[in-house]
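The following exercises are to be worked through with the sequence and the 3D structure at hand. Each task is followed by a solution in steps.

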Amino acid sequence: METTNQSATIANDALRALLFEVSVTPKPGLVDPASQGPHPDMTVFTFIDSALSLRTYFEQCAAAGTTFDDANLPALFAQLRPIGIAAERAMFQATNGVNTHKGAVFSLGILVAASAYSERLGLDLETTIKGMLKGLTTNDFAHVGDKPEADLTAGERLYLRYGITGIRGEAEQGYPTVFAHALPALRQSSGTANQRLLDTLMAIVANSVDTNLVKRSGGDSHVVAWAHEQANAYLAAGGSKTPTGWEKLLELNRVFDDRNLSLGGSADLLILTIFLGLREGVLTNDSFNF
Ligand SMILES: CC(C)(COP(=O)(O)OP(=O)(O)OC[C@H]1O[C@@H](n2cnc3c(N)ncnc32)[C@H](O[C@H]2O[C@H](COP(=O)(O)OP(=O)(O)OP(=O)(O)O)[C@@H](O)[C@H]2O)[C@@H]1O)[C@@H](O)C(=O)NCCC(=O)NCCS
Ligand SMILES: Nc1ncnc2[nH]cnc12
């Protein structure tokens, strides 16, 4: 495929991933077309506006990966950070200050650039990502203890308080939740796209530490283990295609709403998995029927 054309397709798949994720329903702890979940400040329309505000950003990330001509991969990541900060600003402008896709700006931007680079050179994607993000956690958290408490981000606060490295740790390790759990789950899944993506989301919840969940629980040290148990119970019941699995899913939707718990970080990992599924052709329109 001609490189400029490939770069445009990669950027388009990033946008598709954002729009597909928010369309999946009924997602516990998240916004979808039928429910705001525990997010009174966002609806599916906020997510559509947010996604469209990021089009130029993904084109820039794809272009960066397509034109990068150096073996020093951290330099490719360094190119993304300033455009990522500008993209975050565009997102907040499109949503009137609501955080819809902050995690996705960071992680999907990385995956888009890494995919453009790896696909062009025929390299392994995970190796490229790990190369780009070498030292990320150490560098980002190096001076965090010197920051005034009021200036700390949620991720920085959780790191200082509990040593949780959050999305940065997941990213630096090459997104193991995505590559070792979520993508295999998506590949093996069957049914409609909605059913397959619900099961993939719950495979993510069963295997990750979602700092958004931890933050919303007020730092409850059991909340991650509890979420793992719930997701595993849903998967053991057969997931979205069985009546028991579906009942469990509806129950989880109620519980997450009642407890005001969010799975925002898991949604971001689902976005990444959808993007990779689209790139490798495991999510095709023959499963798009409802
Ligand atoms: C490294 C950054 C991601 C910044 O990190 P930061 O320290 O600012 O924030 P974190 O809290 O660590 O996380 C940022 C977002 O990442 C998502 N996330 C969290 N855990 C995971 C995970 N395990 N896997 C994947 N993604 C994860 C999460 O996004 C989701 O949550 C959103 C809602 O979040 P928030 O508004 O905080 O929570 P609410 O409870 O809803 O709000 P309140 O009611 O409290 O107001 C949801 O929509 C998801 O998107 C985190 O938000 C990166 O941004 C960075 O480097 N920033 C610096 C600038 C930069 O360089 N940017 C460009 C990078 S290319
Ligand atoms: N559907 C969703 N609901 C809430 N936060 C999210 N972050 C990414 N997708 C999300």
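**Exercise 1. Characterise the shell around ligand 1 by residue class, and then identify its nearest residues and its polar contacts.**

Step 1. In this predicted model, the shell around ligand 1 consists of 11 polar, 9 charged and 7 nonpolar residues.

Step 2. Of the 27 residues around ligand 1, those that come nearest are Arg81, Lys102, Thr153, Thr211 and Arg216.

Step 3. Assign the shell to secondary structure. At least two shell residues come from each of helix H4 (73-94), helix H5 (102-121), helix H8 (154-162), helix H9 (166-172), helix H12 (211-216) and helix H15 (264-280).

Step 4. Inspect the polar contacts. An oxygen atom of ligand 1 lies 2.4 Å from a polar side-chain atom of threonine 153. The side chain of arginine 216 places an N or O atom 2.7 Å from an oxygen atom of ligand 1. With glycine 155 the contact involves a polar backbone atom, 3.0 Å from an oxygen atom of ligand 1.

Step 5. Consider the area. Ligand 1 taken alone exposes 1200 Å², of which the protein buries 84%.

**Exercise 2. Determine which residues surround ligand 2 and which element gives the largest share of its shell.**

Step 1. The surrounding residues are Glu21, Lys27, Leu30, Val31, His39, Phe47, Thr100, Gly264, Ala267 and Asp268.

Step 2. Sorted by class, this shell holds 4 nonpolar, 3 polar and 3 charged residues.

Step 3. H15 contributes 3 residues to the shell around ligand 2, the largest share.

Step 4. Examine the nitrogen atoms of the ligand. A polar side-chain atom of glutamate 21 is 2.8 Å from a nitrogen atom of ligand 2. Polar backbone atoms also take part: that of valine 31 lies 2.9 Å from a nitrogen atom of ligand 2, and that of threonine 100 lies 3.3 Å from a nitrogen atom of ligand 2.

Step 5. Taken alone, ligand 2 exposes 260 Å², and the protein buries 97% of that.

**Exercise 3. State how many salt bridges there are, and place individual pairs in the chain.**

Step 1. Side chains of opposite charge can pair when their charged atoms come close. With a cut-off of 4 Å between side-chain nitrogen and carboxyl oxygen, the count is 11 salt bridges.

Step 2. Arginine 81 and aspartate 140 form a salt bridge with an N to O distance of 2.8 Å. Because aspartate 140 belongs to helix H7 (residues 136-141) and arginine 81 to helix H4, the pair ties together parts 59 residues apart in sequence. Arginine 81 is partly exposed, at 32% relative accessibility.

Step 3. Glutamate 280 and arginine 187 meet in a salt bridge at 2.6 Å, N to O. Here too distant parts of the chain are linked, since arginine 187 lies in helix H10 (residues 176-188) and glutamate 280 in helix H15, 93 residues apart. Both partners are partly exposed: arginine 187 has a relative accessible area of 44%, and glutamate 280 has 37%.

Step 4. Lysine 248 and glutamate 251 form a salt bridge whose closest N and O atoms are 3.3 Å apart. The two residues are 3 apart in helix H14 (residues 243-258), which means a separation of about one helical turn. Lysine 248 is buried at 15% relative accessible area, whereas glutamate 251 is partly exposed at 32%.

Step 5. Asp13, Arg16, Glu119 and Arg279 are joined into one network by salt bridges that share partners.

**Exercise 4. Compare the expected span of helix H3 with the distance between its end C-alpha atoms, and list its buried residues.**

Step 1. Helix H3 (residues 55-67) has 13 residues and, at 1.5 Å a residue, should span 18 Å.

Step 2. The end C-alpha atoms of H3 are 18 Å apart, which agrees with the expected span.

Step 3. With burial set at under 20% relative accessible area, the buried residues of H3 are Tyr57, Phe58, Cys61, Ala62, Ala64, Gly65 and Thr66.

**Exercise 5. Locate the cis peptide bond at proline 26 and the positive phi values at asparagine 96 and asparagine 260.**

Step 1. Most residues other than glycine have a negative phi, and most peptide bonds are trans.

Step 2. The peptide bond from threonine 25 to proline 26 is cis, its omega being near 0°. Proline 26 lies in the loop between helix H1 (3-23) and helix H2 (44-53).

Step 3. Asparagine 96 has a positive phi, near 60°. This residue is in the loop between H4 and H5 and is exposed, at 75% relative accessibility.

Step 4. Asparagine 260 has a positive phi of about 55°. Its place is the loop between H14 and H15, and asparagine 260 is partly exposed, at 38% relative accessibility.

How values were computed
Residues are numbered from 1 along each chain as its sequence is written. Chains are lettered from A and ligands numbered from 1 in the order in which they are written. This is a predicted model: local features need pLDDT of at least 70, side-chain atom pairs count only at pLDDT 80 or more; totals for chains, interfaces and linings use all residues. Side-chain values use heavy atoms; hydrogens and water are left out. Helices (H or I, at least four residues) and strands (E, at least two) are DSSP runs, numbered from the N terminus. The expected span of a helix is 1.5 Å times one less than its number of residues. Buried means under 20% relative accessible area, exposed over 50%, partly exposed in between (1.4 Å probe, protein chains only). A residue is near a molecule or strand if one of its heavy atoms lies within 4 Å of it. A polar contact is a pair of N or O atoms within 3.5 Å; within protein, one must be able to donate a hydrogen and the other to accept it, and residues adjacent in sequence count only if both atoms are side-chain atoms. Accessible areas come from the Shrake-Rupley method with a 1.4 Å probe; for residues, only the protein chains shown count as cover. Ala, Val, Leu, Ile, Met, Phe, Trp, Tyr, Cys and Pro count as nonpolar, Asp, Glu, Lys and Arg as charged, and the others, Gly among them, as polar.
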